[in-house]
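These are my notes from one sitting with a model. I went from the chain as a whole to single residues and wrote down what I looked up.

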Amino acid sequence: MNAGDRVRVTRADVTNEGVLMPSSTEDHLVVKLDGGYNVGIAREGADVDVLETDVYDIEDAQSEGDGTSEIEFDDDLPTVSLISTGGTIASTVDYRTGAVTAQFDAEDVLRAVPDLAGRANYRGRVVANILSENMTTDVWVDLAEAVAEEIEAGADGVVVMHGTDTMQFSASAMSFMLDTPVPIVFTGSQRSADRPSSDNVMNAVCAVEAAKADAAEVMICMHASESDDACALHEGTRVRKNHTSRRDAFETVGAKPLGEVDYEAEEVTFRRDYAPRGEADLALHADLESEVELVKFTPGMDPAALDYLDGKDGVVIEGTGLGHVHTDLIPRFEELVEDGTVVAMTSQCLEGRVCDRVYDTGRDLLDAGVVEAGDTLPGTAKVKLMWALANVADPTGAMGRDLEGELTQRSVPWE
């Protein structure tokens with residue numbers, strides 16, 4: 001028997017039938033079941049019947065391709081640029097380790113998601129091929145430059161395929177780094193393409209529809225619910241991943257999503273104001289200051305834990321409630337401010353804004369030079385400060401002003 005053969009494996013009164021796949025060890029068989037899942041079976045004591053040979057071309061399925069794909073151009077369709085950074089939406093199973101790994105470039109995704117055909121003309125581009133936990137500021141710069149080049153080349157919209165773990169950070173970065181006349185839509189998937197419950201097809205299709213729509217915003221497009229009926233469109237600076245594995249893991253904080261895409265009807269609707277297509281001139285502000293840290297305060301924190309902040313250009317504190325830390329830590333942050341570090345306060349609470357004028361601790365923080373960041377999300381605040389330090393004459397003042405929808409002027413009920 002060889003990888004690619006259809007087999008029936010019986011062991012300990014349990015029978016599994018499917019396609020034999022490569023195994024990372026000689027002691028186990030890996031069988032891909034008809035439902036799409038893989039099962040590992042110990043070879044010892046297993047009876048194997050080969051039902052059919054060479055039903056699955058393993059070599060072709062695992063190859064990285066030749067980097068090309070034939071995509072017909074239609075003058076009546078808009079052009080959407082697909083930019084890949086890696087992540088689960090562009091992943092497959094690594095049969096050496098059994099883990100999910102980033103494998104595909106942007107054009108491979110077109111081959112993997114045939115539902116994208118006929119919706120647009122596509123340009124494929126790879127900026128990185130990494131899992132999103134490996135994202136860096138250097139990749140953000142490369143991504144911003146690539147997006148700008150694609151728009152300059154005539155793209156009517158851009159879809160960025162990205163791992164979900166740090167997607168909210170990258171979407172925030174692009175929001176500050178780019179003035180865009182067209183939609184820039186981030187999408188990914190919570191579950192890899194080899195799983196029957198994968199969300200990659202629907203998310204990719206909805207992202208392309210959003211990239212063809214009228215909102216020239218940086219958005220994240222992911223499942224709106226556990227059902228396969230619609231994707232939510234989240235503003236890039238107001239979104240966070242709130243669940244580790246659900247398909248509807250992403251939520252807009254402090255408001256309802258900017259809009260949604262009906263998967264079956266292929267309709268995009270918006271419920272809040274947005275920047276219309278073509279209104280802004282393309283501009284790239286790609287400089288970032290990397291010496292910025294996000295610090296989460298917790299009770300009992302050792303003040304020595306803050307020593308590594310010496311010499312940083314910026315620090316964002318994730319304080320409790322209205323924006324608090326232990327009183328004994330305030331002199332440490334005052335020292336940082338006196339040494340030239342911009343220190344901004346955010347809250348660990350998912351809703352509401354910081355207000356350091358209510359309690360003595362907050363007033364002491366303000367006296368120490370800490371600036372309030374309103375209801376800016378902590379992760380967004382870090383990205384904003386990285387950008388403001390490199391692009392704004394008064395970064396301290398900028399942290400208290402709304403630049404890209406990240407900070408509402410006052411907290412109001414959801415609309």
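**Entry 1. The chain as a whole.** I began with the contacts between residues with a separation of 6 or more, and 68% of them join residues 24 or more positions apart. I note here that this is a predicted model. I counted secondary structure next and got nine helices and 23 strands. The chain has 415 residues, and 49% of them count as buried. For the surface I have about 18700 Å² exposed, with carbon and sulfur atoms supplying 44% of that area.

**Entry 2. The annotated positions.** I looked up which residues the record marks as "active site". The UniProt annotation, from an unreviewed entry, covers Thr 88, Thr 164, Asp 165 and Lys 241. I followed Lys 241, which lies in strand E15, residues 239-241. Is Lys 241 buried or exposed? Its relative accessibility is 15%, and the cut-off for buried is under 20%, so Lys 241 counts as buried.

I then listed what Lys 241 touches, leaving out neighbours within four places in sequence. The contacts are Thr 164, Asp 165, Gln 168, Gln 190, Ala 249 and Phe 250. Thr 164 and Asp 165 are also covered by the annotation. With Thr 164 there is a polar contact of 2.9 Å, side chain to side chain.

**Entry 3. Helix H4.** Gln 168, a contact of Lys 241, is one of the buried residues of H4. I checked the rest of H4 and found the helix mostly covered, with 10 of its 11 residues buried. The buried ones include Met 167, Ser 170, Met 174 and Phe 176.

**Entry 4. Aromatic pairs.** How many aromatic pairs does a search of the whole structure find? The search finds two. One is Phe 176 with Trp 387: the ring centres are 6.0 Å apart and the planes stand at 25°, so I logged the pair as stacked. The pair links distant parts of the chain, since Phe 176 sits in helix H4 (residues 167-177) and Trp 387 in helix H8 (residues 378-391), 211 residues apart. Phe 176 is buried at a relative accessible area of 2%, and Trp 387 is buried too, at 12%.

Phe 270 and Tyr 274 form an aromatic pair that is tilted, with 4.7 Å between centres and 45° between planes. I checked how covered these two are. Phe 270 is partly exposed at 23%, and Tyr 274 is partly exposed at 30%.

**Entry 5. Strand E13 and its partners.** I turned to strand E13, residues 218-223. Six of its six residues are buried, so I wrote E13 down as largely enclosed by the rest of the structure. Strand E12 (residues 184-187) runs parallel to E13, joined to it by four bridges. Within this pairing I noted Phe 186 opposite Ile 220.

E13 also pairs with strand E14 (residues 230-235), in the antiparallel sense, over five bridges. His 223 has Cys 231 of E14 as its bridge partner. E13 and E14 form a hairpin, and six residues lie between the two strands.

**Entry 6. Arg 277.** Where is Arg 277 placed? I found Arg 277 in the loop between strand E18 (267-270) and strand E19 (283-284). Arg 277 is partly exposed, with a relative accessible area of 28%. I looked for a partner far away in sequence and took Pro 181: 96 residues separate it from Arg 277, yet the C-alpha atoms are 5.4 Å apart.

Beyond its neighbours within four places, Arg 277 is in contact with Asp 156, Pro 181, Val 182, Pro 183, Ala 211, Lys 212, Ala 213, Asp 214 and Ala 216. I also logged a distance of 3.5 Å between a polar atom of the Arg 277 side chain and the backbone oxygen of Lys 212.

**Entry 7. Thr 79.** Asp 156, a contact of Arg 277, is also in contact with Thr 79, so I looked up that residue last. Thr 79 is in strand E6, residues 79-84. Thr 79 is buried, with a relative accessible area of 13%. Apart from neighbours within four places, the other residues in contact with Thr 79 include Phe 73, Asn 121, Arg 123 and Gly 154.

Note on methods:
Residues are numbered from 1 along each chain as its sequence is written. This is a predicted model: local features need pLDDT of at least 70, side-chain atom pairs count only at pLDDT 80 or more; totals for chains, interfaces and linings use all residues. Side-chain values use heavy atoms; hydrogens and water are left out. Buried means under 20% relative accessible area, exposed over 50%, partly exposed in between (1.4 Å probe, protein chains only). Contact means heavy atoms within 4.5 Å. Two strands pair if DSSP finds at least two bridges between them. Rings of Phe, Tyr and Trp (its six-membered ring) pair if their centres lie within 6.5 Å; planes under 30 degrees apart count as stacked, over 60 as edge-to-face and the rest as tilted. UniProt positions are given in the numbering used here, feature names are shortened, and annotations may be inferred rather than shown by experiment. A polar contact is a pair of N or O atoms within 3.5 Å; within protein, one must be able to donate a hydrogen and the other to accept it, and residues adjacent in sequence count only if both atoms are side-chain atoms. Accessible areas come from the Shrake-Rupley method with a 1.4 Å probe; for residues, only the protein chains shown count as cover.
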